[in-house]
Amino acid sequence: MTSHDLTIRPATDDDWEQIFPFWSRIVAEGRTYAYPLDLSSDGARGLWMEPAPGRTVVAEVGGRVAGSAKMGPNRPGRGSHIATGSFMVDPDVGVRGVGRALGEHVIGWARDEGYAGIQFNAVVETNERAVGLWRSLGFDVIGTVPGAFDHPEHGPVGLHVMFLDLR
């Protein structure tokens, strides 16, 4: 994949019909996200399409939405100087580097917006691809909540809290 093959842009309401199929599939597989399994498209849209001051973006390859990320303040008020993000890549897209491009985009956005750091609250410890990607982008595991995620194959596994200092 070359850089001109992939475009990251703000998500629009019209993108949801391409996001929801892979969003719902990833949630249903139960390996990486703790979202409720029985969400309607509208319910899922309410969780994924981030309102200002946050934002949701899509990674587009050849006119097709290949992945999406949402970002914004991790907490309101006195926690709003730390950003957070969530990421999903369509498993059927067959293009490598979409997750990395989305991760780099969120890091750049957080820097540009003046956040002091980025905190991921719940990275499933058995999600080795995600943990490896975030480590390669400079994130550290600063703690793990043991058994906080009910994995369909492994049973209770830990959720990592990961952090990237932007100061």
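**Group meeting: a walk through the predicted model**

Let's start with Ser-40. Ser-40 is partly exposed, at 43% relative accessible area. Keep in mind that this is a predicted model. Ser-40 sits in the loop that joins α1 to α2. Its side chain reaches the backbone nitrogen of Gly-43, at 3.0 Å. Now look back along the chain to Ser-24. Ser-24 and Ser-40 are 16 residues apart in sequence, and their C-alpha atoms are 9.1 Å apart in space.

Stay in that loop. Tyr-35 is also found between α1 and α2. Is Tyr-35 buried or exposed? Tyr-35 has a relative accessibility of 15%, so it counts as buried. What does Tyr-35 touch, once residues up to four places away in sequence are set aside? The list is Trp-23, Val-27, Leu-47, Trp-48, Lys-70 and Met-88. Compare the spacing to Ile-19. Tyr-35 and Ile-19 are 16 residues apart in sequence, with 15 Å between their C-alpha atoms.

Next, the helix ahead of that loop. Helix α1 covers residues 16–29, which is 14 residues. At 1.5 Å a residue, α1 should span 20 Å. The end C-alpha atoms are 20 Å apart, so the expectation and the model agree. Which residues of α1 are buried? They are Trp-16, Ile-19, Phe-20, Phe-22, Trp-23, Ile-26 and Val-27. A reminder on helix geometry. With 3.6 residues a turn, positions three or four places apart in an α-helix point the same way. Keep that in mind as you look at the list. Trp-16, Ile-19 and Phe-20 are on it. So are Trp-23, Ile-26 and Val-27.

Where do those side chains go? The buried residues of α1 pack against α2, residues 41–48, and against three strands: β2 (55–61), β3 (64–73) and β4 (82–89). Just past the end of α1 comes Gly-30, with a positive phi of about 70°.

Now α3, for comparison. α3 runs over 98–112. Its 15 residues should span 21 Å at 1.5 Å a residue. The distance between its end C-alpha atoms is 21 Å, which again agrees. Its buried residues are Val-98, Gly-99, Ala-101, Leu-102, Gly-103, Val-106, Ile-107, Trp-109 and Ala-110. A glycine with positive phi follows here too. That one is Gly-114, near 85°.

On to strand β3 and Lys-70. Lys-70 is found in β3. Is Lys-70 buried or exposed? At a relative accessible area of 15%, Lys-70 is buried, because the cut-off for that class is under 20%. Which side chain does Lys-70 meet in a polar contact? The partner is the side chain of Glu-50, at 3.4 Å. Glu-50 has company. Beyond four places in sequence, the contacts of Lys-70 also include Tyr-35, Leu-47, Trp-48, Arg-55 and Thr-56. Thr-84, Gly-85 and Ser-86 are on that list as well. So we are back at Tyr-35, which touches Lys-70 from the α1–α2 loop.

Follow the chain out of β3. Asn-74 lies in the loop between β3 and β4. Asn-74 counts as buried, at 11% relative accessibility. Its side chain makes a polar contact with the side chain of Asn-121, at 2.7 Å. Setting aside neighbours within four places, Asn-74 is in contact with Gly-79, Ile-82, Ala-83, Thr-84, Gln-119 and Asn-121. Thr-84 appears among the contacts of Lys-70 too.

Now the largest pocket. Its volume is about 1,300 Å³. The lining counts 41 residues, and the closest to the centre are Tyr-33, Phe-87, Met-88, Asn-127 and Ala-130. Which elements supply the lining? α1, β3, β4, α3, β5 (117–124) and α4 (128–136) each give at least two residues. β4 gives the most, with six. By class, the lining has 22 nonpolar, 11 polar and eight charged residues.

Last stop, Asp-140. Asp-140 lies in β6, residues 140–151. Asp-140 is partly exposed, with a relative accessible area of 47%. Its contacts, outside four places in sequence, are Val-161, Met-162 and Phe-163. How far is Asp-140 from Phe-22 in α1? They are 118 residues apart along the chain, and 28 Å separates their C-alpha atoms.

That's the tour. Happy to take questions.

Key
Residues are numbered from 1 along each chain as its sequence is written. This is a predicted model: local features need pLDDT of at least 70, side-chain atom pairs count only at pLDDT 80 or more; totals for chains, interfaces and linings use all residues. Side-chain values use heavy atoms; hydrogens and water are left out. Helices (H or I, at least four residues) and strands (E, at least two) are DSSP runs, numbered from the N terminus. The expected span of a helix is 1.5 Å times one less than its number of residues. Buried means under 20% relative accessible area, exposed over 50%, partly exposed in between (1.4 Å probe, protein chains only). Contact means heavy atoms within 4.5 Å. On a 1 Å grid over the protein atoms alone, a cavity is a set of points where a 1.4 Å probe fits but cannot get out, and a pocket is an open set with protein on both sides within 12 Å along at least five of seven lines; lining residues have an atom within 4 Å of a point. Grid points are joined across faces, edges and corners, and a volume is the space filled by probe spheres set on the points. Ala, Val, Leu, Ile, Met, Phe, Trp, Tyr, Cys and Pro count as nonpolar, Asp, Glu, Lys and Arg as charged, and the others, Gly among them, as polar. A polar contact is a pair of N or O atoms within 3.5 Å; within protein, one must be able to donate a hydrogen and the other to accept it, and residues adjacent in sequence count only if both atoms are side-chain atoms.
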